[in-house]
Amino acid sequence: MPGKRSTRDFKYDYQGLDVASIKHSLANQIIYNVGKDSYGATDRDWYHALAYAVRDRLIERWMETMRSYYRSDAKRIYYFSLEFLIGRTLSNSILNLGFYDEARQALEELGVDFDTVRDLEFDAALGNGGLGRLAACLLDSMATLRIPGYGYGIRYEYGMFRQAIEQGQQVEHPDNWLRYGNVWELPRPELLYPVKFYGRVLEYRDEQGQSRHQWIDTDEVMAMAYDTPIPGFDVETVNNMRLWSAKASRDFDLEYFNRGDYIKAVEDKTSSENLSKVLYPSDTTMIGRTLRLKQQYFFVSASLQDIMVRFQKDHDDCSLLPEKVAIQLNDTHPAIAIAELMRLLLDNKGVAWERAWEITRGVFAYTNHTLLPEALETWPVSLFERMLPRHLQIIYEINHRFLQEVNHRYPGDGDRLRRMSLIDEEGERRVRMAHLAIVGSHRVNGVAFLHTELLKHSMFADFHQMYPDRFVNITNGITPRRWLNQANPRLAALASEQIGEGWVTDLMQLERLLPLTEDEGFRERFMQVKHANKVALCRYVEERLQLTLDPNSLLDVQVKRIHEYKRQLLNVLHTITLYNRIRQQPDLAVVPRTVVFAGKSAPGYAMAKLIIRLINDVADIVNHDPAVRDLLKVVFIPNYDVSTAAIIMPAADLSEQISTAGTEASGTGNMKLALNGALTIGTLDGANIEIRDRVGEENMFIFGLTVEEVNARRAQGYFPWDYYHANPELKAVLDMIRSGYFSPNDLDRYKPLFNALTDGGDRYMLLADYASYVAAQGRVEELFRDRHEWARRAIRNVAQMGFFSSDRTVRNYAEQIWNVQPLQRG
């Protein structure tokens, strides 16, 4: 097992990584922390005992890591993110510490099944999709590379939601992931910071006659810290993720209680603590939008107060902040931090505006994650005015000074001023958070080469013209510790047997597998690994969904957040096309195929939820039609999370990365699936382009319009009805959807989807790409018939994934943005 290390001498016996020491720890933990003996202990009790034993081994390393940062006065990196999709911690920590096999043996010698105990852990419900998973990967890489990195976010009590499929529809249930507690977090009740809302701003003159501002008559919520250790792989470094939980400034109002108003007595507590209950409350109501903005300010305010306390332990001069502090904004959600740091410097520290602005821009950098204009966060000025009045004043002043600068550079260009303003004046006045993030940061990065080019020359072209050196590209990456070493132990072991274990921390070493593409014996073993992973997924689906799948079929996988631009609907159109061909041509030689979908829709996103329902309705018809003869199966796996991904991705043969060109910023699922030996069918979008450049176009299935072609088609006029009438197969498929073939009890159910693709203009050009996509799927079938050629190309994909390690991503951030070096322990 990669990550296994020989037993070392540790200062204390309880830190030992040998089987005997672990058994001794488990015996102590089950008694003194769990409060059971081995006779009465349940599997969950043993999980807690093992987790506590692992945590003990993390904590001393963690404390020494933090002490070393103070001793060396290291520059610290703070990663601000509303999401940290860290998944399960137990296996990851054991692998990173290097005693996976010993832990398994210790439990088994105590008569406890390791796999059963391991699988009892809940996924931490701290994120939804790629944004949160990227954040988790970067924390892993910072620790592994010995970079002083901290994650800051919110400790959501219920996360986003637990997805159930009921009568084909997504139904959201609370994700009570903290039901049995969280062994990995350490509450810090002594670490409480006040976070203010509402109130008014008092302007006055100080003793030097300078204008000053005081934010008064505010409502107050307390932010309490919860710390989680983040271990690096095979190093002593353990970094910290600090999440904030909202607490009332007072739990109980005795005056109301004594008057018999028991609800009012706890109303403040309930209202305050709602702040950290749920990830991404629905923004379809004003209450939901207000709560979202409150969440964002809540966590950045607490985090900045915490950072300033840490900084001031050793430094009195705020001018040193950019030398000692780097804050990376993971998308626009934390962008209000720019105004908050300005407020702290101006109002609390008395720093002059020009100096405060120089410091602020030196501290912050901004990662953009979207090319969709509607996804760029904006907030009504009226909401800001009520909730954060001092911050709105600061934003106005930033905007005033910035627009003066723009006007000096481009005199008389009123349209440019309007486009670049931090305030959108059209209709309801709104604060443009992406503009604030760009103006208030010293670096702005995209997350794939194409994405960054589109930011520079399209979405933020005005800003790039003004600040050409501010924009850089840093392509996303994934941690090989989680996505190969942990998720796919069979393939990890096969790779390590051939080239050693160095790939775990240097993924470029996988290139040494390239010569083995011509080794028939290795290809056979590679295919055996893939088949075993497919059998495991089939078993999982049968146990969970009572659906029998064929592990010998082509496993065609699209697992990601459900959104129209990601075009799960295009995949459905192809699936129905295959269904029609099988029914109409019984003698047609078809490669058996299993189409796997998974992903959540935002609760208020009606069209995405309708697509989920269509997938399930199509599955119901296809899977029960005897004419199909098991040549085609469709399955939607509910409640997609990190642990489910770790079952699906090692089994996948085909990776669906089919977004409309120019809409996906990067994607990381494409990297994870390729690293696990899946071939990609995809458009030239996001990181697909860079994957193509490394694995070779002949080892992927590229289809569809390019960005340039998409733009040209729109410019000359795009008419989806033309494609409908010109392609009989496409017309047949769309007519089946429109007519209620897949919804016989509700014939009009899917007319909104049909209308969106025709009269609605087909915004994401599914119909324009349909024929090319179907043709590419034909090439997939042809290649899959040749097992060894498929394996040759799959191995090449694995071997060429080294560039997409998050270790490389973090090194790029460190060199191009943060200006930090790995810390040498000593």
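The exercises below work through a predicted model of one protein chain, each with a stepwise solution.

Residues are numbered from 1 along each chain as its sequence is written. Because the model is predicted, local features need pLDDT of at least 70 and side-chain atom pairs count only at pLDDT 80 or more, while totals for chains, interfaces and linings use all residues, and side-chain values use heavy atoms, with hydrogens and water left out.

**Exercise 1. Describe the overall build of the chain, from its secondary structure to its burial.**

Step 1. The chain has 34 helices and 22 strands, where helices (H or I, at least four residues) and strands (E, at least two) are DSSP runs numbered from the N terminus.

Step 2. The radius of gyration, taken over C-alpha atoms, is 27 Å, close to the 28 Å that the globule rule gives for 826 residues, so the chain is as compact as a globular protein of that length; the rule itself is 2.2 Å times the number of residues to the power 0.38.

Step 3. Along the principal axes, the C-alpha trace spans about 90 × 75 × 65 Å.

Step 4. Of the 826 residues, 61% count as buried, a class that means under 20% relative accessible area, with exposed over 50% and partly exposed in between (1.4 Å probe, protein chains only).

**Exercise 2. Trace the strand order of the open sheet of nine strands and place the helices that pack on the sheet.**

Step 1. The order is β5-β8-β9-β2-β1-β10-β11-β15-β16, with mixed pairing; two strands pair if DSSP finds at least two bridges between them.

Step 2. The edges are β5 (186-197) and β16 (471-473), each of which pairs on one side only, and neighbouring strands are turned by 25 degrees against each other on average, direction ignored.

Step 3. Inside this order, β2 (residues 149-154) and β9 (residues 238-248) pair in the parallel sense over five bridges, and the bridge partner of Ile154 in β9 is Trp244.

Step 4. Helix α18 (residues 449-459) packs on the sheet and touches β15 (443-446) and β16, contact meaning heavy atoms within 4.5 Å. The direction of α18 makes about 165 degrees with that of β16, where axes are lines fitted to C-alpha atoms, for helices over the stretch in contact, and angles run from 0 to 180 degrees between N-to-C directions.

Step 5. Helix α13 (residues 353-363) lies across β10 (325-330) and β11 (364-367), running at about 45 degrees to β11.

**Exercise 3. Determine the span of helix α12 and how far this helix is enclosed.**

Step 1. Helix α12 (residues 336-348) has 13 residues and reaches 17 Å from its first C-alpha to its last, close to the 18 Å expected at 1.5 Å a residue; the expected span is 1.5 Å times one less than the number of residues.

Step 2. Eleven of the 13 residues of α12 are buried, so the helix is largely enclosed by the rest of the structure; among them are Glu340 and Arg343.

Step 3. Just after α12, Gly350 takes a positive phi of about 70 degrees.

**Exercise 4. Locate Tyr198 and Asp630, two residues other than glycine with positive phi, and classify their exposure.**

Step 1. Tyr198, with phi near 60 degrees, is found in the loop between β5 and β6 (200-205), and Tyr198 is partly exposed, with a relative accessible area of 24%.

Step 2. Asp630, also with phi near 60 degrees, lies in the loop between α24 (606-623) and β19 (632-637), and Asp630 counts as exposed at 53% relative accessibility.
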